[in-house]
Amino acid sequence: MKRPILGPVVGLLFFFLITRLNTTQAAVLDTIPPTALCHETYSVFLNSNGIASATAPEFDNGSFDDSSSVHFKVRRFYTNDCYPSTAFDDQTAFCCQETAGDHLLILRVYDVPVPPGMVGVNDFAGHYSDCSVQVTVVDSLKPSCEIQDTVVVSCKTFNPDLSVYGQAISEDNCCVDGIAESVDYSDFDTICIMGMIRRTFTAADCNGNTTVCQQVLAIDYDNTYYVRFPNDLYTTMCDGVYSYGEPILSNENCEQIVVDYQDELFTVIPDACFKIERNWVIYDGCLHDINQPCTTVPNPNPFPDPQNPDNFFGPVISPSGTPFPWKPTLVNINPLDTIPTEYSVFWTSDANCFILQTTSNN
C-alpha cells in the first residue's frame, strides 16, 4: 500500500510560515528638526512708494536639514501700523515709519513642505527651528527739487521780494522735511538793478537725504530815458545871477542819470554884456564809459536871424513815434536845410552820453 505524500508538503508549509514570521517592516521617522541659520542683520530699501518688502528666504544664511530640503516662513516680532500681523508668512513688508531703529524678525525653517501664505505659530510642531534677524529699513531715495531754472526780468519791473519769481517744490517717497533757500548776489548790481541773482534751494526729506536745485534771475537793464534840453536864452540882466534852465528827463526806469555842464564865457560881444555857451552832458552812470564818445545833439537854428525866437527852442530827443509832450523835435537844424530833421535820429537806448550846446546872451 502506498503512503500519502503529506510529509514534504507539510514541511514546505511549515518552512514558509516560519520564514514569514521572521520577516519585519521598519518605518524610519525624522525626529530631528532642521538647523536654522539667519543673517544677523539685514537691510531693506524703501522704493518710490515708501515700501520695502522681503521674502523669507532672503533672511536665510545657510539653514539645512540632514535628511530633507528646507522651507521658510518669516514673521514680525512686534506688530505696527506698517505690518499689523505676527503670523508666519512667505514675506513681510516695511514702510517709512520704520526707518528709525532696527526691527526684530523671526525666520522659521521647516524640514517638511508648508503651504503658501500664512501658517499658525504652532503648525508643523517638531519640524521647524527658528532664528532671529535684526532688520534695518533704509530710505536711500532723495527728494525731488523743482523750480523754473531761468527767469528774465526787466530792471524796471524787478521786485526785491524774490518769492514772486516762484518757490521750489519737493516731493519724496516718505516725507519732505523742508526746503532751505540761499541767495547769491555777487553778480548783481543793486544800484543799477542789473546782472544775475542765483537762488539755491536745498530740499531735505525726513531721513536726511537732500537734493539741490537752482534758479537764475537774469535782470535786463533798460536805458530808455528821454531828454528835453533847455532853451537858448537872451536876457537884459547883466549881473550874471540868473537861472539858465536845465535838461528835463522822462521815462526814467533804472538809470542813474548824471547831468553836468561846462561853460565857455565870452565878454566881448556886440550889444551884450557877455555870452555863455553851455555844453550840457547827460549820461547814465550805470553804462557810461569815459573812454567812449558822446552822441552830439545839434542845437537847432532854423532861421538866419539869430534873434528869431524859433531859434531858441531846446530840442527833445526820444524814439520815433513817442507821443506828445515827448514827441521828438522835428526842425531844420540849419537855415539852408531843405527838409527838417527828426531828433529821434540822435536817440539810442545804448547811448554812452548826450552832449548839446546852448547859448545865453546877457
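## Exercises on strands, rings and a pocket

Two bridges connect strand 12 (residues 226–228) with strand 18, and these strands run antiparallel. The model is a predicted one, and the exercises below should be worked with that in mind.

**Exercise 1.** Work out which strands stand at the edges of the open sheet that contains strands 14, 12 and 18, and why one side of each is left without a neighbour.

*Solution.* Begin with the order of the sheet, which has three strands arranged as 14-12-18 with antiparallel pairing. Strand 14 (248–250) and strand 18 (316–317) each have a single partner strand and therefore stand at the edges, so that one side of each lacks a neighbour in the sheet. Next, look at the contact between strand 12 and strand 18, which rests on two bridges, and note that R228 stands opposite V316 in strand 18. Finally, follow the side chain of R228, whose charged end sits over the ring of W326, 4.9 Å from the centre of that ring.

**Exercise 2.** Classify the ring pair of Y42 and F59 by its geometry, and then decide for each residue whether it is buried or partly exposed.

*Solution.* A pair of aromatic rings is described by the distance of the centres and the angle of the planes. The structure holds 12 aromatic pairs. In the pair of Y42 and F59, the centres are 5.1 Å apart and the planes stand at 70°, so the pair is edge-to-face, the cut-off for this class being over 60 degrees. The two residues come from distant parts of the chain, 17 residues apart, with Y42 in strand 1 (residues 41–45) and F59 in the loop between strand 2 (51–55) and strand 3 (71–76). For the last step, Y42 has 21% relative accessibility and counts as partly exposed, whereas F59, at 0%, counts as buried.

**Exercise 3.** Classify the ring pair of F158 and Y165, and name the cluster to which these rings belong.

*Solution.* The ring centres of F158 and Y165 lie 6.4 Å apart and their planes meet at 15°, so this pair is stacked, a class that requires planes under 30 degrees apart. Both residues are buried. Ring pairs then join F158 and Y165 with Y185 and F188 into a cluster.

**Exercise 4.** Describe the lining of the second largest pocket, and state which residues are the closest to its centre.

*Solution.* Start with the volume of the second largest pocket, which is about 250 Å³. Of its 17 lining residues, F313, G314, P315, V316 and T329 are the closest to the centre. Sorting the lining by residue type gives 11 nonpolar, three polar and three charged residues. V316, one of the residues closest to the centre, is also the residue that R228 stands opposite.

**Exercise 5.** Inspect the backbone at F124, I193 and P325, and say what is found at each place.

*Solution.* At F124, phi is positive, about 60°, although the residue is not a glycine. F124 belongs to the loop between strand 5 (102–110) and strand 6 (128–138), and its relative accessibility of 30% makes it partly exposed. I193, which is not a glycine either, has a positive phi of about 55° and is placed in the loop between strand 9 (188–189) and strand 10 (194–205). At P325, the peptide bond from F324 is cis, with omega about 10°, and P325 lies in the loop between strand 18 and strand 19 (330–331).

Definitions and conventions:
Residues are numbered from 1 along each chain as its sequence is written. This is a predicted model: local features need pLDDT of at least 70, side-chain atom pairs count only at pLDDT 80 or more; totals for chains, interfaces and linings use all residues. Side-chain values use heavy atoms; hydrogens and water are left out. Two strands pair if DSSP finds at least two bridges between them. Helices (H or I, at least four residues) and strands (E, at least two) are DSSP runs, numbered from the N terminus. Rings of Phe, Tyr and Trp (its six-membered ring) pair if their centres lie within 6.5 Å; planes under 30 degrees apart count as stacked, over 60 as edge-to-face and the rest as tilted. Buried means under 20% relative accessible area, exposed over 50%, partly exposed in between (1.4 Å probe, protein chains only). A charge sits over a ring if NZ of Lys or CZ of Arg is within 6 Å of the ring centre and within 35 degrees of the ring normal. On a 1 Å grid over the protein atoms alone, a cavity is a set of points where a 1.4 Å probe fits but cannot get out, and a pocket is an open set with protein on both sides within 12 Å along at least five of seven lines; lining residues have an atom within 4 Å of a point. Grid points are joined across faces, edges and corners, and a volume is the space filled by probe spheres set on the points. Ala, Val, Leu, Ile, Met, Phe, Trp, Tyr, Cys and Pro count as nonpolar, Asp, Glu, Lys and Arg as charged, and the others, Gly among them, as polar.
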